[in-house]
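Here are my notes on the model you asked me to look over, set out as numbered points. Please read them with the coordinates open.

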Amino acid sequence: MGNPHILVIPYPAQGHVRPLFELSQLLVKNGIKITFVNTEFSHQRIINAFGSKVSVDGSIRFVSLPDGMGVDENRNQIGRLLESICQFMPMELKQLINEINRSNGDEVTCILTDMSMGWPLEVAAELGIKAAALFPASALSLASMFAVPMMIDSGVVDENGTLLKHEMIQLSSETPAINPSHFSWVCIEGFTTQKIVFNLFQRNIKAIEKAEWLLSNSTYELEAGALATMAPKVLPIGPLSTYEGVGTFATNFWPEDSFCLKWLDKQPPRSVIYVAFGSFTVLDQTQFRQLALGLQHSNRPFLWVVRPDITEAKEEAYPKGFQASVVDRGQMVGWAPQRAVLSHPSIACFLSHCGWNSTLEGVSNGVPFLCWPYFADQFMNESYICEIWKVGLKLEKDESGIIRQEEIKSKMEKLLGDENLKARAMELKEKIRTGVKEGSYSDKNLKSFIEWVKS
Ligand SMILES: O=c1ccn([C@@H]2O[C@H](COP(=O)(O)OP(=O)(O)O[C@H]3O[C@H](CO)[C@@H](O)[C@H](O)[C@H]3O)[C@@H](O)[C@H]2O)c(=O)[nH]1
């Protein structure tokens with residue numbers, strides 16, 4: 001038999017490409033060949049962000065497949081994107097596997113897919129290739145996905161995914177209660193799109209049964225309760241970002257501004273508010289301005305990631321005079337080296353949308369959170385941060401649904417004055433760091449997975 005060779009297939013979004021790539025780096029270090037399959041659209045974004053100098057990591061081969069959409073079509077139309085991917089990509093993937101297997105290189109021995117997409121598992125089953133899947137968000141979010149059939153049976157949602165009952169769902173006594181209006185398909189606007197996404201959910205749940213390994217980018221130290229509801233089916237191997245030698249190379253969708261690290265070097269220890277909303281969140285004009293004013297009136301140094309598409313409004317998005325008034329203590333960047341930022345000694349707290357990768361990166365660096373969830377699983381992560389781990393505070397909306405500058409300023413003061421909360425954040429950091437050390441559950445699970453890939 002030739003060398004083990006895995007095709008790794010992430011869902012085409014920043015928060016998914018990143019953890020799949022992190023796992024790929026760990027596999028390559030163990031002598032496994034990786035072909036990393038982005039959509040052409042994601043691949044082009046990464047190339048654009050890095051400049052032409054990077055298309056290959058040296059040990060990981062990058063290839064791309066069309067997602068079936070037009071070059072200029074809007075990929076934020078989630079229903080359209082998912083339908084197109086499911087229609088076109090299975091055939092493209094089969095062709096790619098054939099080409100690889102016909103060439104003189106190593107044959108594909110395994111498919112590792114993002115668990116947000118079941119179709120690669122169907123392709124693997126059809127071609128008789130072994131298959132595994134990684135879920136990039138929390139174990140709780142995965143457990144809620146597995147609970148969908150039960151929710152249909154108990155009348156929480158109908159067979160189209162429409163919400164019928166608004167009561168909170170408790171999957172176990174050790175997990176935060178889930179508000180069903182935060183399920184990802186329910187958060188999406190429009191009945192037709194909701195239905196498409198919900199049907200895809202159900203198709204995924206069926207396809208997942210075809211995978212021999214279901215891996216979670218989580219750890220017992222963080223999510224023992226949620227993982228217990230899926231044991232022994234789902235094995236935690238995370239947080240992937242905390243393993244030694246795992247970098248973010250060749251995963252950014254935007255060019256990284258590393259100058260901000262030099263700026264951080266000049267700030268006092270534990271003084272800077274880091275503000276970032278991941279890759280997806282869009283703030284409307286009012287909300288964007290309230291955030292700017294909150295930062296302005298906090299009178300503290302801040303580093304704010306203002307992605308080019310974070311708000312529909314452009315230059316005039318900032319309140320009048322804002323940039324001049326914060327010039328000595330505020331930095332706005334298009335995309336930060338977030339992991340390096342969060343491990344920098346001058347960071348005091350993280351104002352975050354609570355995406356799972358950001359959550360893991362924050363807690364594994366002992367940084368306290370101000371939580372501003374926007375969509376789906378981010379609300380579950382907020383519950384973990386504020387109610388279970390108790391390492392952060394929620395920002396509350398007013399009656400018109402806006403988080404006001406006064407709320408931002410007062411919660412920031414409260415958070416930074418809470419020594420107990422900061423101590424808990426440091427304790428949690430130590431626990432998580434122990435969780436990936438040699439001999440830990442995550443480490444053992446990862447090693448067993450590697451053995452299986454090689455067998
Ligand atoms: O300036 C920045 C901002 C973000 N990041 C990185 O981008 C990733 C963002 O991931 P995440 O925090 O998970 O946010 P999203 O991009 O919003 O992720 C999507 O995917 C996640 C995993 O499935 C879900 O938890 C989220 O709800 C979903 O929006 C993280 O690794 C960050 O380090 C940077 O490197 N620089």
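1. Does H43 count as buried or exposed? The model is a predicted one, and in it H43 counts as buried, because its relative accessibility is 16% and the cut-off for that class is under 20%. H43 belongs to helix 2, which covers residues 40-50. When residues up to four places away in sequence are not counted, H43 touches N38, F62 and S64.

2. Aromatic pairing deserves a look across the whole structure, where a search finds 24 aromatic pairs. One of them is formed by W304 and Y318, whose rings meet edge-to-face, with 5.9 Å centre to centre and 90° between the planes. This pair links distant parts of the chain, since W304 lies in strand 9 (residues 302-305) whereas Y318 lies in the loop between strand 9 and helix 12 (322-325), 14 residues apart.

3. Both partners of that pair can be placed by their accessibility. W304 counts as buried because its relative accessibility is 0%, and Y318 also counts as buried, at 15% relative accessibility. The two residues belong to a cluster in which ring pairs link F288, F302, W304, Y318 and F322, and I would suggest viewing these five side chains together.

4. Which rings have the charged ends of R45 and R75 sitting over them? For R45 the ring is that of W254, with the charged end 4.7 Å from the ring centre. For R75 the ring is that of F41, and here the charged end is 4.1 Å from the centre.

5. Two packed helices are described by the angle between their axes and the distance between the axes. Helix 4 (residues 119-127) and helix 8 (residues 191-208) pack at an angle of about 40°, and their axes are 8 Å apart. The crossing in which helix 4 passes helix 8 is left-handed. From helix 4, the residues W119, L121 and E122 meet R203, A207 and I208 of helix 8. Sorted by class, this contact has 4 nonpolar and 2 charged residues, with no polar ones.

6. Where in the model is a cis peptide bond found before P232 and before P239? The bond from A231 to P232 is cis, with omega near -5°, and P232 is located in the loop between helix 9 (220-228) and strand 7 (234-236). A cis peptide bond also joins G238 and P239, where omega is about -5°, and P239 has its place in the loop between strand 7 and helix 10 (259-265). Strand 7 thus borders both of the loops that hold these prolines.

7. Positive phi values in residues other than glycine are the last topic. N299 has phi near 60° and is not a glycine; its place is in the loop between helix 11 (285-298) and strand 9. N299 is exposed, because its relative accessible area is 60% and the class begins over 50%.

8. K390 likewise has a positive phi, of about 55°, although it is not a glycine. The loop that holds K390 runs between helix 15 (377-388) and strand 13 (392-394). At 41% relative accessibility, K390 counts as partly exposed, whereas N299 is exposed.

Methods. Residues are numbered from 1 along each chain as its sequence is written. This is a predicted model: local features need pLDDT of at least 70, side-chain atom pairs count only at pLDDT 80 or more; totals for chains, interfaces and linings use all residues. Side-chain values use heavy atoms; hydrogens and water are left out. Rings of Phe, Tyr and Trp (its six-membered ring) pair if their centres lie within 6.5 Å; planes under 30 degrees apart count as stacked, over 60 as edge-to-face and the rest as tilted. Helices (H or I, at least four residues) and strands (E, at least two) are DSSP runs, numbered from the N terminus. Buried means under 20% relative accessible area, exposed over 50%, partly exposed in between (1.4 Å probe, protein chains only). A charge sits over a ring if NZ of Lys or CZ of Arg is within 6 Å of the ring centre and within 35 degrees of the ring normal. Axes are lines fitted to C-alpha atoms, for helices over the stretch in contact, and angles run from 0 to 180 degrees between N-to-C directions. A crossing is left-handed if the near helix is turned anticlockwise from the far one by less than a right angle, and right-handed if clockwise. Contact means heavy atoms within 4.5 Å. Ala, Val, Leu, Ile, Met, Phe, Trp, Tyr, Cys and Pro count as nonpolar, Asp, Glu, Lys and Arg as charged, and the others, Gly among them, as polar.
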